[in-house]
Amino acid sequence: MTDRLRTRFLVIGSGVAGLHTAWRASQQGDVMLLTKRSLFDSATAYAQGGIAAALGAGDSPELHRKDTLAAGAALCDAEAVHVLVEEGPARVRDLYAAGAHFDLDPRSGEFVLGREAAHSTNRIVHAHGDQTGAEVARTLIARVTESARVHVAEKTRVLDLIVHRGQCVGVRASVRGVATEIIADATVLATGGCGQVYRYTTNPDVATGDGFGIAHRAGVTMADMEFVQFHPTALDTPENPLALVSEAVRGEGAFLINEAGERFMATRHSLADLAPRDVVARHIFRQKRGDRKVYLDATKLGRRFPKRFPGIFALCMARGIDPRKQPIPVTPAAHYLMGGIVTDLVGRSSLPRLYAVGEVARTGVHGANRLASNSLLEGLVFAERVARDVVQAAELRQLPKGTSWRVPVLVDRGAAQVAADCVREAMWKHAGIARTAAGLRTCLAELDDIEQRLPTGATEELNLVQTGRLIAEAALLRKESRGGHYRADFPRAQRAWRGRHIET
């Protein structure tokens with residue numbers, strides 16, 4: 001028989017959003033936290049830059065709001081942005097009080113604030129120079145593991161939601177290979193992003209779009225799936241995932257050059273190398289045509305580089321690049337999805353009792369293009385709101401009858417890997433930085449063919465295919481260019497599309 005577990009609150013995902021939700025919700029009831037590998041496996045731990053919040057002298061939530069709206073290209077939800085920037089400073093202080101070791105000025109004791117692209121002032125809180133995400137993860141994992149009311153299940157793959165009488169009542173999952181139904185009064189998807197849909201990405205290999213596929217199969221409303229952010233400066237090496245070279249390096253004075261040594265961004269945008277990510281990524285993409293190289297020149301930082309960016313320095317040196325003496329080869333790579341499961345301001349989705357938070361959610365704060373370092377902030381702010389709201393979920397009175405089923409066994413791992421690689425190639429070639437109608441139709445046809453050939457038990461690859469299809473379908477429908485979505489056959493933003501969202 002299938003195992004059945006019961007909990008008050010179920011949280012799926014162990015990034016900043018899932019960990020914070022589990023920690024705070026556990027103060028009101030029992031929580032089960034699921035993660036498909038270990039607690040430490042998430043995109044959060046990879047985050048280098050920091051957390052954006054209006055904490056510095058001369059800064060304000062209003063300035064942060066304006067920067068966020070400007071980056072979002074007229075598609076942000078104004079109310080959600082207001083929540084983000086107004087509540088953000090308190091959430092950062094809460095995290096500091098919880099034990100996060102952020103970088104402080106030794107004289108004043110105040111947060112040291114960095115500068116990143118499209119921010120009008122220094123407002124990026126960071127830890128250990130460029131290891132903010134790892135410090136956030138460490139702090140929240142400590143809080144979760146010390147709570148007697150949080151049960152953590154690692155190596156657990158969620159397969160699908162359990163929907164009973166129009167409500168989400170839990171999930172079907174493989175818990176270390178055992179078929180398990182987990183019933184909960186409130187279920188929270190905090191499953192992160194989908195960078196592994198693309199050939200080149202900064203996302204860890206767990207970022208396979210599981211939450212998007214799971215929600216879509218249950219008929220949950222999703223929106224803005226065409227808006228994929230490609231980070232301009234991943235380390236250009238033959239790896240998966242690619243190592244990130246944080247925007248903060250450019251904030252400290254580094255600049256982009258092509259093979260001829262030309263600072264090409266200086267003549268392309270008024271903010272030059274600190275232009276919004278979508279602008280910089282497209283210009284690097286164009287410069288790299290014909291197998292040409294683009295570099296980030298940080299040599300002017302000299303001896304300051306290892307101190308300010310110890311993690312990036314170690315990554316570069318391990319690959320034979322000394323950023324103190326030579327430019328760093330960089331390339332754009334899939335980094336973040338602005339769209340996702342549509343939620344209200346407390347994380348509720350269109351399916352009763354189902355919440356979404358973090359990158360898997362579309363709160364509306366990012367619009368068509370996320371402002372740098374707003375992602376960790378969104379995770380903290382909206383996880384707090386979700387944790388406060390789930391306590392209102394009434395206890396389930398009628399539970400669905402248990403069913404007997406087996407975890408699908410992957411019969412051909414090699415075929416599954418080939419299918420995943422084919423998805424990534426198709427998406428990068430046809431639904432990546434520059435898109436066209438013809439290319440997107442080709443991509444959709446290839447995805448259909450890949451899905452038909454998936455071997456039995458390829459559940460993760462199914463999520464890759466279905467998430468890729470959601471992105472490509474939305475990209476085909478939006479006949480304009482805006483934010484992270486660029487159509488070479490419709491290269492300008494269209495007034496008719498301003499404020500319009502594509503729902504699936």
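Visitor: Which residue in strand 9 is the bridge partner of Leu5?
Guide: Start with the terms: strands (E, at least two residues) and helices (H or I, at least four) are DSSP runs numbered from the N terminus, and two strands pair if DSSP finds at least two bridges between them. Strand 1 (residues 3–12) pairs with strand 9 (residues 178–189) in the parallel sense, over 9 bridges. Within strand 9, the partner of Leu5 is Ile182.

Visitor: What pLDDT do local features need in this predicted model?
Guide: Residues are numbered from 1 along each chain as its sequence is written, and side-chain values use heavy atoms, leaving out hydrogens and water. The model is predicted: totals for chains, interfaces and linings use all residues, side-chain atom pairs count only at pLDDT 80 or more, and local features need pLDDT of at least 70.

Visitor: Which residue of strand 2 does Phe9 stand opposite?
Guide: Strand 1 also runs parallel to strand 2 (residues 31–34), and 4 bridges join the two. There, Phe9 stands opposite Val31.

Visitor: How compact is the protein, and what is its radius of gyration?
Guide: The protein has 13 helices and 17 strands. The globule rule (2.2 Å times the number of residues to the power 0.38, with the radius of gyration taken over C-alpha atoms) gives 23 Å for 504 residues. The protein comes close to that, so it is as compact as a globular protein of its length, with a radius of gyration of 22 Å.

Visitor: Which strands stand at the edges of the sheet with the order 11-14-13-12?
Guide: This open sheet has 4 strands with antiparallel pairing. Each edge strand has a single partner strand, so one side of each is left without a neighbour in the sheet. The edge strands are strand 11 (228–235) and strand 12 (255–258).

Visitor: Over how many bridges do strand 13 and strand 14 pair?
Guide: Strand 12 and strand 13 (294–297) pair in the antiparallel sense over 4 bridges, with Asp297 as the partner of Phe255. Strand 11 and strand 14 (residues 328–337) pair over 6 bridges, and Phe230 stands opposite Ala334. Between strand 13 and strand 14, Leu296 has Ile328 as its partner, and the antiparallel pairing runs over 3 bridges.

Visitor: At what angle does helix 7 run to strand 11?
Guide: Axes are lines fitted to C-alpha atoms, for helices over the stretch in contact, with angles from 0 to 180 degrees between N-to-C directions; contact means heavy atoms within 4.5 Å. Helix 7 (residues 277–287) lies across strand 11, strand 12, strand 13 and strand 14. To strand 11, helix 7 runs at about 60°.

Visitor: What volume does the largest cavity have?
Guide: On a 1 Å grid over the protein atoms alone, a cavity is a set of points where a 1.4 Å probe fits but cannot get out; lining residues have an atom within 4 Å of a point. Points join across faces, edges and corners, and a volume is the space filled by probe spheres set on them. Strand 11 and helix 7 each supply at least two lining residues, and the lining includes Phe230, Asp278 and Tyr486. The volume is about 50 Å³.

Visitor: Which helix gives the most to the lining of the second largest pocket?
Guide: A pocket is an open set of points with protein on both sides within 12 Å along at least five of seven lines, and this one has a volume of about 590 Å³. Of its 24 lining residues, the closest to the centre are Arg37, Leu410, Arg413, Glu460 and Glu461. Helix 11 (413–430) and helix 13 (459–477) each give two or more residues. The most, 5 residues, come from helix 11.

Visitor: How many charged residues does the lining of that second largest pocket have?
Guide: Ala, Val, Leu, Ile, Met, Phe, Trp, Tyr, Cys and Pro count as nonpolar, Asp, Glu, Lys and Arg as charged, and the others, Gly among them, as polar. The lining has 7 nonpolar and 8 polar residues, and the charged ones number 9.

Visitor: Where is the non-glycine residue Arg165, with its positive phi?
Guide: Most residues other than glycine have a negative phi, and most peptide bonds are trans. Arg165 has a positive phi of about 55°. Its place is in the loop between strand 7 (156–164) and strand 8 (167–175).

Visitor: Which residues does a cis peptide bond join?
Guide: Look at the loop between strand 11 and helix 6 (247–251), where Pro241 is found. Omega is about 0° for the bond that joins Asn240 and Pro241.
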